[in-house]
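Q: Hi! I've just opened this one and could use a quick tour. Could you walk me through it?

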Amino acid sequence: MARHDEKRLFSPDDVLSPEELTADAKGALLPGEVERDRDLDAARMWISKDDGLLVRGVKPHSAEKSTLVSRGIDTVSSAMIGKSFAAKYGVQYLELYSGPGRLLDESTGKEQLGSPLRALGVRKPFTHYAFSDFSPECVAALSARVGKRDNVDVIRGDANDLGHLDRIGQILNPRALVIAYVDPARPQDLHWSTIEHLATQFKFIDLIINLPVNSLMRAILGAHHGGGHRPGIAGRFLRHDAPIELIRPSAGRPNTRATIDAIRRHYDEQLMSLGFKKPARRTVNFPTDNPYYDILLVSRHDRGLELWDKTNPVPTDPQLSLLPEESAP
Ligand SMILES: C[S@@+](CC[C@H](N)C(=O)[O-])C[C@H]1O[C@@H](n2cnc3c(N)ncnc32)[C@H](O)[C@@H]1O
């Protein structure tokens, strides 16, 4: 089992000041709405106005991430369901960080569907869905929202526990085409071994991975300045024994763009070493012009990448920008 007692290094609170966060929430939430708790990754958790269950507080960039991801998922299921191998083995959907199924944009007070409910709402539904989260509260809320359905499993477990991944392997068909969305909120929540295990477990898997480039850079620098010598959280995420080497031009003079490009290049290489093509990537900026995280589409087949590129072409929305050609790895 992965440890959950590690010191929290970075979170959205590092990007927005406590005053900004509080102002957002105060401005957006109506009296009677109660901040309930914080979840594992320190996001605010609220009670939904609509169904009285848990919702996860998010910043506006989450809605954009969600649109990008759900459009891609809808395109893949539409293209694949109905093909002969789908009838034989299935086109299945997996989330390892599923959350409670509803999100609350804390800047507007508006609730929106979380990624599991969006995946369930695609035009051509997947043949089977497996949703998993470490938090029992998230699992309870999502289970209640999904209800009882023959083709859906909602289970609790640590995404970095290989035994848990094996249990998921028994729920899903290892010969199916599997689309797995891996959406950790923080670098410490995902280990490279999880990606490696999924890639071995499922021969026909496409991954959608949230690569938190900014937090990874800060985790590397934080560990370095704190005197850390081991690979640490970022090294474990990126499969790098000495991630400080990714800081460009040097640890003493870090340049954000150059360092983030080095992190991207390294992670792409790790994925390609598992037999995947070079991933397609869209960057979510937060605040404007600041690369916050990348959403990667990782596939062993050109077709998967083509579908993604067709669905998510160069965005007109300035918050979602394609990586510029000159900085592409
Ligand atoms: C960014 S949220 C997921 C949001 C969801 N993708 C959506 O858009 O609705 C991350 C989730 O990961 C869960 N989590 C954190 N560490 C985990 C771990 N090691 N294994 C499984 N879930 C974890 C948290 O409880 C949280 O619900």
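A: Happy to! Keep in mind that this is a predicted model. A good place to start is the ligand: 22 residues surround it, and Tyr97, Gly99, Gly114, Phe134 and Ala159 come nearest.

Q: Nice. How many residues of that shell are nonpolar, polar and charged?

A: The shell around the ligand has nine nonpolar residues, seven polar ones and six charged ones.

Q: Zooming out, how many helices and strands does the protein chain have?

A: There are twelve helices and 15 strands. The protein chain has 329 residues, and 43% of them are buried. Looking at contacts with a separation of 6 or more, 69% are between residues 24 or more positions apart.

Q: Okay, helix packing next. At what angle do helix 3 and helix 12 pack?

A: Helix 3 (residues 60-80) and helix 12 (residues 302-311) meet at about 130 degrees, and their axes are 9 Å apart. The two helices are therefore oblique to each other. Their crossing is right-handed.

Q: Which residues make that contact?

A: Helix 3 contributes Arg71, Gly72, Thr75, Val76 and Ala79, while helix 12 brings in Leu307, Trp308 and Thr311. By class, the contact of helix 3 with helix 12 has four nonpolar residues, three polar and one charged.

Q: Switching to the backbone: where are the cis peptide bonds to proline 249 and proline 287?

A: One runs from arginine 248 to proline 249, with omega near -5 degrees, and proline 249 sits in strand 11 (residues 249-250). Another joins phenylalanine 286 and proline 287, with omega about -15 degrees. Proline 287 belongs to the loop between strand 13 and strand 14 (291-298).

Q: And which residue in that loop has a positive phi without being a glycine?

A: That's aspartate 289, with phi of about 70 degrees, in the loop between strand 13 and strand 14. Arginine 239 also has a positive phi, near 55 degrees, and its place is in the loop between helix 10 (232-238) and strand 11.

Q: Are those two buried or exposed?

A: Aspartate 289 is exposed, because it has 9 other C-beta atoms within 10 Å. Arginine 239 is partly exposed, with 19 other C-beta atoms within 10 Å; being buried takes 20 or more.

Q: Last one: why does threonine 283 count as buried?

A: Because threonine 283 has 22 C-beta neighbours inside 10 Å. Threonine 283 is part of strand 13 (residues 280-285). Leucine 296 is 13 residues from threonine 283 in sequence, and their C-alpha atoms are 8.7 Å apart.

Terms used. Residues are numbered from 1 along each chain as its sequence is written. This is a predicted model: local features need pLDDT of at least 70, side-chain atom pairs count only at pLDDT 80 or more; totals for chains, interfaces and linings use all residues. A residue is near a molecule or strand if its C-beta atom, placed from the backbone, lies within 6 Å of it. Ala, Val, Leu, Ile, Met, Phe, Trp, Tyr, Cys and Pro count as nonpolar, Asp, Glu, Lys and Arg as charged, and the others, Gly among them, as polar. Axes are lines fitted to C-alpha atoms, for helices over the stretch in contact, and angles run from 0 to 180 degrees between N-to-C directions. Helices (H or I, at least four residues) and strands (E, at least two) are DSSP runs, numbered from the N terminus. Angles under 35 degrees count as roughly parallel, over 145 as roughly antiparallel, 65 to 115 as roughly perpendicular and the rest as oblique. A crossing is left-handed if the near helix is turned anticlockwise from the far one by less than a right angle, and right-handed if clockwise. Two residues are in contact if their C-beta atoms, placed from the backbone, lie within 7 Å. A residue is buried if 20 or more other C-beta atoms lie within 10 Å of its own, exposed if 12 or fewer, and partly exposed in between; C-beta atoms are placed from the backbone.
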